[in-house]
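Visitor: Hey, can you walk me through this one? I'm new to reading structures.
Guide: Sure, have a look and ask away.

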Amino acid sequence: MTFNLRLIPLLPFAGAAILMLFGRKWKRDTVLLVAAGAIAGSCLVAFDAFFTALPGAASKGGLHDVVGTWMAAGSLKIDLALRLDALSGLLCLIITFVGFLIHIYSSGYMEHDPDYARFFAYLNLFCGAMLVLVLGDSLPVMFIGWEGVGLCSYLLIGFWYTSSANADAGKKAFITNRIGDLGFLIGMFLLYQFTGSLNIPEITAAASGGGALMQTLFPGTIFAAPVAFWAALFLFIGATGKSAQIPLYVWLPDAMAGPTPVSALIHAATMVTAGVYMVARMHAVYLLTPGAMAIVACVGALTALFAAIIGFAQNDFKKVLAYSTISQLGFMFAGVGTANFGAGVFHLFTHAFFKAGLFLCAGSVMHAMGGSGDITIMGGLRKKVPWTHGVFLVCWLAICGVPFFSGFFSKDSIIAGAFGTEIFGEGLAFIGKAVGVVLMLAALGTAFYMSRLYFLVFSGSETRASDEIKRHIHESPGAMVGPLVVLAVGAALGGFIGLPGGLFDHPEWNLLADRLAPVLGPEMELSRTTEIGFMVASVVLALGGIGLAYLFYGGGYREPSRKFAAAAPRFVRLVQDKFRIDELYGLLIIRPIKRLAKAVYFVVDRILIDKVLVEGSAALVDVLARVARAVQGGDVQRYMAVFTIGAAGIVYLATRPSVPDVLKVTVSGLSVDVDARRGSKPASRVQEYSFDFDDDGKPEVTGAAPAAHHAYPRAGTYTVRVQVKDPNWGTRTSLKQKVEVR
Amino acid sequence: MNAGGATVVDQVVFWVLAVLTTFFAGFTITRRNPVTAVMSLVATFFCLAGIYASLSAHFLAVIQVLVYAGAIMVLFIFVIMILNREEVAPFSMRPLRLLGVLGGIYLLAKLVDVVAVGLPEAAPGVAPDGFGTVAAIGEVLFRDFLFPFEAISVLLLVAIVGGVVVSRSHQKEVAAVEAADYRHQIQELAHHDYPGEPEAPAEGHH
Amino acid sequence: MPTTYYLVLSFVLFLIGTAGVLLRRNALIALMGIELQLNGGNLAMLAFSRELGDLKGHVFAFFIIALAAAEAAVGLAILVALFRGRQTVNLDEATLMKR
């Protein structure tokens, strides 16, 4: 069913364009109106599409809108088409709604920034690109959005570009993303090669139909596996770049150098979830290869745990949240990796609310603390920034998985789904269980580090900062607090749309899974006891984590934390340095590349191009010119005259008939043989010979033969005249010779 | 006479245009005043364009007028405006050059011989459909002669650069040489210190 | 019209051009003679192309026109530079390159 879906990304794009062209001269209010208005418009269209138009079209593949043909080359035809079904619709809602809230928040946060209009232009551009990513009906269109959000991420992380640290962070994000994008492209190429199409519904159909994607690539080698496996794997590599999983997560903590609203929107709620979205979108391909899914799930689970551990020792507010994001994304990937696509998307949804809320609280707190995010100097802020504290409290409880906040339901469905998944078959069922166990540890860790953050920042009675800073602590303006509250509400109540069906024997109460079912398949069925068991386990983990953190950090740094830090200082520092992974990459990858680049510069650029090609060709021309100059006399017309004379001479020489200097005459009695060849070889051209043996003007013999024979009737002296004609050039020469006959 | 299937109109057109072309061409090389010479050259080109059209080379006829008569001759006129000097003794009848002209006449005679003898009845038939139109030439140009086409654009680039370089005033020439020297100096300084940071150049601004 | 006639015309044009180049002192007129020569060549090209029905001749003529444009531009630039130096376009006096 067609619907005007193009408005959804088009409004933010238009907003971005207008702001980039005119924004700088406008008042702040106008800029906000345009930007927030664009995204709000987009939100309204998305709501309309999702709630009124989609239900009727859900079974027929959702709403779609074909803007035009992008390229048609041979058998490849890619349309610029958008499709809104339950999955993309849900994400559109998240992007536009959370995006709108963050626009409002930014009007307060960026109030004193001189580049106000540019910021909103980039925000709008980002939203537009993300919407294209989500709504794209074919992989290339999705890739446009994929690249677009990468670009906007770069622009926004390095927003305050005058500091080289910010610019470097932006570069790092873009380059790491790019590496992942290569994987995405290869996956795309594989899918096109083996299904002949890049259109997502067609690929899904081809995958479900089996066959095409199950052919073995690289048979006979160690890499033999079905096409679907390789395609899924490469696509997942793209996802690890965009969604910050091992090994390409290193850009996300650095990306905290950007303004906090950017971190909230891009690195919490939307862009980083693109990878999860992509896997869910391509679920048909993934379902064909349990192997690839196992990789996805394991990477996700490991990342979740790894990032959680790093989060234990970070001292920057936003860095803790960054690692928390990486960890939660790991949860999402573990969810989709265990064929629990609905659960992964559910966690994506709840995470958008509580993580955005957490980040915006961070911005609020940093605003209060005069721009510093150092939690070692915070504390006791609970009374000083009450609204922020309230929102943070709600979001904190949500992310820890305290019942009945949203995170509780979503995390639980992932963990339960991991244990109960059947995708790996009988022999490898342990993978699911292993993933589940790791996730549980990660959940424990999540509760711990988030609680540590809460206690160190908000609890306690006094702030550890200097007096100067303490004097300036104030609650944020309404523009910033308003969106915070909305997000907190979402974080608190959002979980109820995804009530697990098994719990109440009413699967239809799981609104989210119900809606997503036409796209992602039915919700995983788990018995009531399993559900309750996992819920209890989740609660235990959550409370355990909070309790442990309280022990260490309740009200400030307490004895156990100091003792631990003293007992294992090297370990603490290792964790604080994020396990020195960045340094490892630098050593293994970046330094060799830099050395290679220097070598190439020296050999190719300086020697080959500068010396050999440029200076060399100039020197060559110089030498040749010197030689040529020796022949010149200076008078141009003389050259031309010589040329003409020379040409005439050559033409003359070439066209005169080939005649001997002297006729060869052989006399025998009364007859005579005349040979008119030049030398002993025949002429190289066809010539006409006419022999006049008695010089009376009437040739006796004419023809192409160079020799003639004649018998004279009487002895005497005759003059033989031979005329040679070149029929092509029209030239003739004549020779004569006296001959005596006896 | 009806040579090679041409109609009377064709013949009249050809002969009129041929005579006019020759006449104007002769005019061009014998005028003292360069402006008159240019004008008669333009007339020559117009007549030639007519001949091209009669040869079904429609595209080239238009190009002849546009580029030759329109652009190149305008260029000539601009230059004449700068350099207008009438010659006192326009013709330079030095012996070598006269010899050259004679050689040219000999060439002409020889070549007339050839064509008269060799190809007397070579009359073109009916032109294929679309012969000489833009579309047809475009197809051949961009399919078979794509590389020469690109090479010609390089040639035009060379002409532009050459024109700019040649027509530099003495001052600009000197300034250009100095600027090149300066850049060379800076490069040398920079390379000496590689791989570290390059030194600040000797002079203030660049 | 038989191709021969066009060929003869093109030869005549070429000859007139050559005579112009050889016999005129004014450099500009000499350049015009060169243009005449090129046009003679063009005419021959097109005559043959018409006879054989092959469009390659047209393409070649097109290139020749482009070439003539480039050459005229550079030649005139050289002329202008020459004029600036010696205030004359008399070719007889432009023999600086003589060793």
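Visitor: Where does N39(C) lie?
Guide: N39(C) lies in helix α2 of chain C, residues 27-52. Helices here are DSSP runs of H or I with at least four residues, strands are E runs of at least two, and both are numbered from the N terminus.

Visitor: Is N39(C) buried or exposed?
Guide: N39(C) is buried, at a relative accessible area of 0%. Buried means under 20%, exposed over 50%, and partly exposed in between, with a 1.4 Å probe and protein chains only.

Visitor: Which residues does N39(C) touch?
Guide: Leaving out residues up to four places away in sequence, N39(C) touches F45(B), L48(B), Y52(B), Q64(B) and Y68(B). A contact is heavy atoms within 4.5 Å.

Visitor: Hang on, where do the numbers and letters come from?
Guide: Residues count from 1 along each chain as its sequence is written, while chains are lettered from A and ligands numbered from 1 in written order. This is a predicted model, where local features need pLDDT of at least 70, side-chain atom pairs count only at pLDDT 80 or more, and totals for chains, interfaces and linings use all residues; side-chain values use heavy atoms, without hydrogens and water.

Visitor: New topic: how many helices and strands does chain A have?
Guide: Chain A has 28 helices and 11 strands.

Visitor: And how much of chain A is buried?
Guide: Of its 742 residues, 52% are buried.

Visitor: Back to chain B, where is the kink in α3(B) centred?
Guide: On M73(B), with a kink of about 25°. The bend at a residue is the angle between axes fitted to the seven residues ending there and the seven starting there.
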